[in-house]
Amino acid sequence: MCQVDEEYNGLLESPVASSATKKCNKCKETTAALVLKPGESLCRGCFKEHFVHKFRAMLGKNRIIFPGEKVLLAVSGGSSSCAMLNQVQEGLGQNAHKKLRFKPGIVYIDEGCLLGQSTEKRQKTMAQINSLFKMTGFPHHIIPLEMVLNLPPSVLEPVHLATDDPAGSYKEAVDHFMQSSPVHSVDPRVDRSELSALTDATNPQLIAEAQTQTLQELFSRVKTLTAKEDLLHTLRRHLLVSTARTEGYSKLMLGENCTRLAVKLLANIALGRGAQLAVDTAFCDPRYGDIVAVKPMRDYTAKEISLYNYMWNVPYVFIPSLETKTADKSSIQRLTESFVVKLQVDFPSTVSTIYRTGEKLQTASVTEDIERAPLKCLFCMCTLDTALGETSAFQATLISEQLSNVGTTPMQASLRPDTQTKCGAPCDQQDGEEHCQAQAVCCSHKGGDSMNLESLLCYSCQQTVKDMTSVEFLPQYIMSEAQRRNRRSQIRHEISEFLLTEDGDSPSIKADS
Amino acid sequence: LAAAALWDVLGILLGGAELLFDGVKEHHVTLPSQSEPWNMKQLLVWIGQNLLKERPELFVQGDDVRPGILVLINDADWELMGQLDYELQDKDNVVFISTLHGG
């Protein structure tokens, strides 16, 4: 971007006034059909080659998916994830060059309940998705978002695996695979019997009306679209990871493209998610431990994907989301998207510049040591960015928030983490001291019902919770895990005098609680 | 050439852009005759006045198409065809694809 004058000046002044007969830059024979970036136009054939190569190269380069491994593709029905599904399908084909060798499965999460769709409408969408998935022959799981209410609290606890040197084990796995399986190659169609069983199990499920209502209640408690999108993203991730675990997959493939990630990068900064930027936008996301989320589409722009789908008839289903038909300023995510996309029109390197910047980011402290693992956010499962010293920007934000609220509500001090112990964070901060004390009393009667939810969350997830009028409708698995963690820290606090080290993370306590 | 006063154009909307047009994806359109050939700029205005059902700002912004919506003319990227200045021919096929999240 710093070379803006040199690179773009000529380009801005003279819009590409080329004729329709421009030749492809690669083969120099056929008429070009699309412009990838200024000065790079390709014909249909070369575009396809380029597209397919990119996908295999992305997976080959990263060496994260082992041959024969079970990989769950998260397909939303949108163009990006359907292009991903199409690439996997083609890559597994018999005559594919640089054949992919993993075992794919597909998961779709139906979020129709949040848009207030009728049961008929939802079933129609699910039927469309189902027929799309059936054509692939892969095992598939169609899951309503309501299932998130039935998740076990263990979802929120990353599972640590003993890992050796990844590069070495990849090579071993490949060798092993080559020796063992020239006969029964990983043709997904072999799993027919398994497949039929799965599809039966995941039939457009009988969703209890009550669960739909609970979920709707939960989202109606969220005041802003920004927070709604964030919460939905969190719940969706939990459901995906849990599905991968119960169905025995070890990788989760997400269809986020380059444009999407550039938007996410900027939006996340605006949302206060700076500490998690690297892990949120990288190719490989190890935060769940045993299930690794990968983003093979991260090298494609949204334009490439849409054009590919159109030109090569890749089927996809348009499914409305929370953002559909909303104005630019309805949420931070939406506004960032429109900002990036608008800038991209005049400066075609915008998206790739943001995206390349994201690639250079790294998390400061990645401790793989299980015993000393830092605390994780209850929602996004990233390392908590709130356990900082007194001189941190986070503390400064808290203090300035406190001070600016002094005039209006005296009890804003309850926001401070150390005073929160008085009463559960969910208690309305607008209320006066009496209420807080009253609640503290009743809290002690009710026992575990109230808790310091906020102290268990990272800065950004705290903001999301603050945008909720009440947390009573949060899924049970989140609440029980929060209680468990609170209890644990309480016990740790009580016995802290007897601990030999100052470090509260002593293993013996972990085992006890 | 001047005799061919009518231009038949097939418009296709994809990726969620169809939602602003009552969910109809394919539009066979006969443009009214005018002395000069129709160009894309005029077509956008005409679409805005005649076909768009709601929230025009989500499809057209200024006299250009909303950023994030791709345009293909006869299956080729309109950036190769001169974009807004492209002069429509009879039986042209124009495709609008929304790449935006949520359509």
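Trainee: How do you know that the length of helix H18 of chain A agrees with what is expected?
Mentor: This is a predicted model, and we can set its geometry against the expected span. Helix H18 of chain A covers residues 476-494, and at 1.5 Å a residue its 19 residues should span 27 Å. The end C-alpha atoms are 27 Å apart, which agrees.

Trainee: Which residues of H18(A) are buried?
Mentor: The list holds Tyr477(A), Ile478(A), Met479(A), Glu481(A), Ala482(A), Arg485(A), Asn486(A) and Arg492(A). As background, residues three or four places apart in an α-helix point the same way, because there are 3.6 residues a turn.

Trainee: What makes Arg298(A) count as buried?
Mentor: Its relative accessibility is 6%, and buried means under 20%, so Arg298(A) counts as buried. The residue is found in the loop between strand E8 (292-294) and helix H11 (302-311) of chain A. Leaving out residues up to four places away in sequence, Arg298(A) touches several others, among them Met58(A), Glu256(A), Phe283(A), Tyr355(A) and Glu359(A).

Trainee: Why does Arg56(A) have no salt bridge?
Mentor: The nearest side chain of opposite charge, Glu90(A), is 5.0 Å away. A salt bridge needs the nitrogen and the carboxyl oxygen within 4 Å, so the pair of Arg56(A) and Glu90(A) does not qualify. Arg56(A) is buried all the same, and its place is in helix H2 (residues 44-62) of chain A. Beyond four places in sequence, the contacts of Arg56(A) include Gln87(A), Glu90(A), His97(A) and Leu100(A).

Trainee: What makes Glu157(A) and Arg484(A) a salt bridge?
Mentor: Their closest N and O atoms are 3.1 Å apart. The cut-off is 4 Å, so the pair of Glu157(A) and Arg484(A) counts.

Trainee: How many salt bridges does the rule find across the interface of domain 1 and domain 2 of chain A?
Mentor: It finds two. Domain 1 is assigned to 64-157 + 195-359 and domain 2 to 393-401 + 409-512. There, 23 residues of domain 1 are in contact with 20 residues of domain 2. The area buried between these domains of chain A is about 1,900 Å², with carbon and sulfur atoms giving 61%. Leu156(A), Leu218(A) and Arg221(A) supply 28% of what domain 1 buries against domain 2, more than any other three residues.

Trainee: What area is buried between chain A and chain B?
Mentor: About 2,600 Å², of which carbon and sulfur atoms give 60%. In chain A, Tyr310(A), Phe318(A) and Lys325(A) lose the most area to chain B, together 28% of what that side buries. The contact takes 31 residues from chain A and 30 residues from chain B.

Trainee: How do you know that Lys325(A) forms a salt bridge with Glu54(B)?
Mentor: The closest N and O atoms of Lys325(A) and Glu54(B) are 2.7 Å apart. That lies within 4 Å, so it meets the rule. The count between chain A and chain B is four salt bridges.

Trainee: Why is Asp22(B) called exposed, and Asn74(B) partly exposed?
Mentor: Asp22(B) has 54% relative accessibility, and exposed means over 50%. Asn74(B) has a relative accessible area of 36%, and partly exposed covers what lies between 20% and 50%. Neither is a glycine, yet phi is positive, about 60° for Asp22(B) and about 50° for Asn74(B). Asp22(B) is in the loop between strand E1 (7-14) and strand E2 (26-31) of chain B; Asn74(B) is in the loop between strand E5 (69-73) and strand E6 (76-77) of chain B.

How values were computed. Residues numbered from 1 in each chain as written. Chains lettered and ligands numbered in written order. Predicted model: local features only at pLDDT ≥ 70, side-chain atom pairs only at ≥ 80, totals over all residues. Heavy atoms only, no water. Helix = DSSP H or I, 4+ residues; strand = E, 2+ residues; numbered from the N terminus. Expected span 1.5 Å × (residues − 1). Buried < 20%, exposed > 50% of the residue type's maximum accessible area, 1.4 Å probe, protein only. Lys, Arg positive; Asp, Glu negative; His and termini not counted. Contact = heavy atoms within 4.5 Å. Domains from an automatic or database assignment. Buried area = accessible area lost by both parts, 1.4 Å probe.
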